[in-house]
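Here is a short set of exercises to work through with the structure open beside you. Try each task before reading its solution.

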Amino acid sequence: MILPIYLYGSPVLRKEASLIDIQTAEKEKIAALFKDMYETMKHADGCGIAAPQVGKSLRMLIVDGSDFEDKFPELKEFYREMINPEFVEKSEETSTYSEGCLSLPNLDADIVRPKKIVVKYFDKDFQEHTETFDDFASRMVQHEMDHLDGTVFTDHASPIRRKMLEGKLRGISKGCVRTHYKVKLEK
C-alpha cells in the first residue's frame, strides 16, 4: 500500500524514533510495513525511506541503490532493509554530494558526510548484521539513519546554504509544495 510521505514541519520528522524490541516484535507486521515503505519509496522515485517519513516513529529504513547502477556500478543489486541500525564506526575521510529528500521535495544541498561507515543492524528476519558501507551506499544509509534521530539533510548544510533554504523550508512546512506522490503535513 502506498502511504503518504510526511513533509518537513511534521513533528514525527524531528522526533527520535523508537527502538524495535526484536524479542517481542511481530515479523509479519514488520514485513508488511517494509513492503508498504518500499512501494511508497518507489512510487515517489526515491532511493531510500525511513519509517518516520511515513508517520511511524520506528527505527526502520530501506535503501535501494539499484537505480544508480549506471553511475555507481557497485550499487547494481544494493538493497537493504534495516531495523535498529547503529553506527559502529565512521571514517575521518569525507565526501561531498548534493542530496535531496522525499520529505523536503524540490530542495537539494551539498552535504559533507563520512565516506565509509560500519553499521550494525537487524534485517526483516531479525538476523543481526555488521556491514561496511562505502561511497554512495554509505551516504544513502547515513541520510536515512538521520531520519531515525530527528535530523534532516539540510541540518548538515553549510550555514550560508541553510540560510538560503529558509524560505523554501518555511513553504514546505506550510504545505506549499507540489509533488507527484501523496504527502501529508501534520502539525
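A pocket, as used here, is an open set of points on a 1 Å grid where a 1.4 Å probe fits, with protein on both sides within 12 Å along at least five of seven lines. A volume is the space filled by probe spheres set on such points. Keep in mind that this is a predicted model.

**Exercise 1. The largest pocket**

Task: Work out how much space lies in the largest pocket, and which residues and elements line it.

Solution:
- Step 1. Begin with the volume: the largest pocket holds about 350 Å³ of space.
- Step 2. Next, go to the lining, which is made up of 22 residues. Those nearest the centre of the pocket are Cys47, Glu99, Gly100, Cys101 and His143.
- Step 3. Now look for the elements behind the lining. Strand S5 (94–101), strand S6 and helix H2 (135–148) supply at least two residues each.
- Step 4. Finally, sort the lining by character: 11 residues are nonpolar, 7 are polar and 4 are charged.

**Exercise 2. Helix H2**

Task: Compare the span of H2 with the expected one, and decide how far the rest of the structure encloses this helix.

Solution:
- Step 1. Count and span: H2 has 14 residues, and its first and last C-alpha atoms are 21 Å apart.
- Step 2. The expected value is 1.5 Å times one less than the number of residues. For H2 this gives 20 Å, and the span found is close to it.
- Step 3. Residues under 20% relative accessible area count as buried. In H2 that holds for 13 of the 14 residues, so the helix is largely enclosed by the rest of the structure.
- Step 4. Step just past the end of H2 and you meet Gly150, with a positive phi of about 80 degrees.

**Exercise 3. Helix H3**

Task: Check the span of H3, find where it bends, and say what covers its buried residues.

Solution:
- Step 1. H3 runs over residues 159–173, which is 15 residues, and at 1.5 Å a residue it should span 21 Å. Its end C-alpha atoms lie 20 Å apart, in agreement with that value.
- Step 2. The bend is at Glu166 and amounts to about 45 degrees.
- Step 3. The buried residues of H3 are Leu165, Leu169, Gly171, Ile172 and Ser173. An α-helix has 3.6 residues a turn, so residues three or four places apart point the same way.
- Step 4. Part of the cover over these buried residues comes from strand S6 (104–114).
- Step 5. After H3 comes Gly175, whose phi is positive and near 85 degrees.

**Exercise 4. Positive phi without glycine**

Task: Contrast the settings of Asn106 and Phe126; is each buried or exposed?

Solution:
- Step 1. Recall the background: most residues other than glycine have a negative phi.
- Step 2. Asn106 has a positive phi, near 60 degrees. Asn106 sits in strand S6, and at 59% relative accessibility it counts as exposed.
- Step 3. Phe126 also has a positive phi, about 65 degrees. Its place is the loop between strand S7 (116–122) and strand S8 (128–134), and with 12% relative accessibility Phe126 is buried.
- Step 4. For the surroundings of Phe126, set aside neighbours within four places in sequence. Its contacts are then Ile22, Ala25, Glu26, Lys27, Ile30 and Ile83.

**Exercise 5. His43 and Tyr181**

Task: Place His43 and Tyr181, then trace the contacts of each.

Solution:
- Step 1. His43 belongs to helix H1 (residues 27–43). Its relative accessible area is 35%, so His43 is partly exposed.
- Step 2. Beyond four places in sequence, His43 is in contact with Ile2, His180 and Tyr181. The C-alpha atoms of His43 and Ile2 are 7.5 Å apart, although 41 residues separate the two along the chain.
- Step 3. Follow the contact to Tyr181, in the loop between H3 and strand S9 (183–184). At 11% relative accessibility, Tyr181 is buried.
- Step 4. Again leaving out residues up to four places away, Tyr181 touches Ile5, His43, Ala44, Leu102 and Pro105.

How values were computed: Residues numbered from 1 in each chain as written. Predicted model: local features only at pLDDT ≥ 70, side-chain atom pairs only at ≥ 80, totals over all residues. Heavy atoms only, no water. Helix = DSSP H or I, 4+ residues; strand = E, 2+ residues; numbered from the N terminus. Bend = angle between axes of the 7 residues up to and from the residue. Buried < 20%, exposed > 50% of the residue type's maximum accessible area, 1.4 Å probe, protein only. Contact = heavy atoms within 4.5 Å. 1 Å grid on protein atoms, 1.4 Å probe; cavity = no way out; pocket = protein on both sides within 12 Å on 5 of 7 lines; lining within 4 Å. Nonpolar A, V, L, I, M, F, W, Y, C, P; charged D, E, K, R; others polar.
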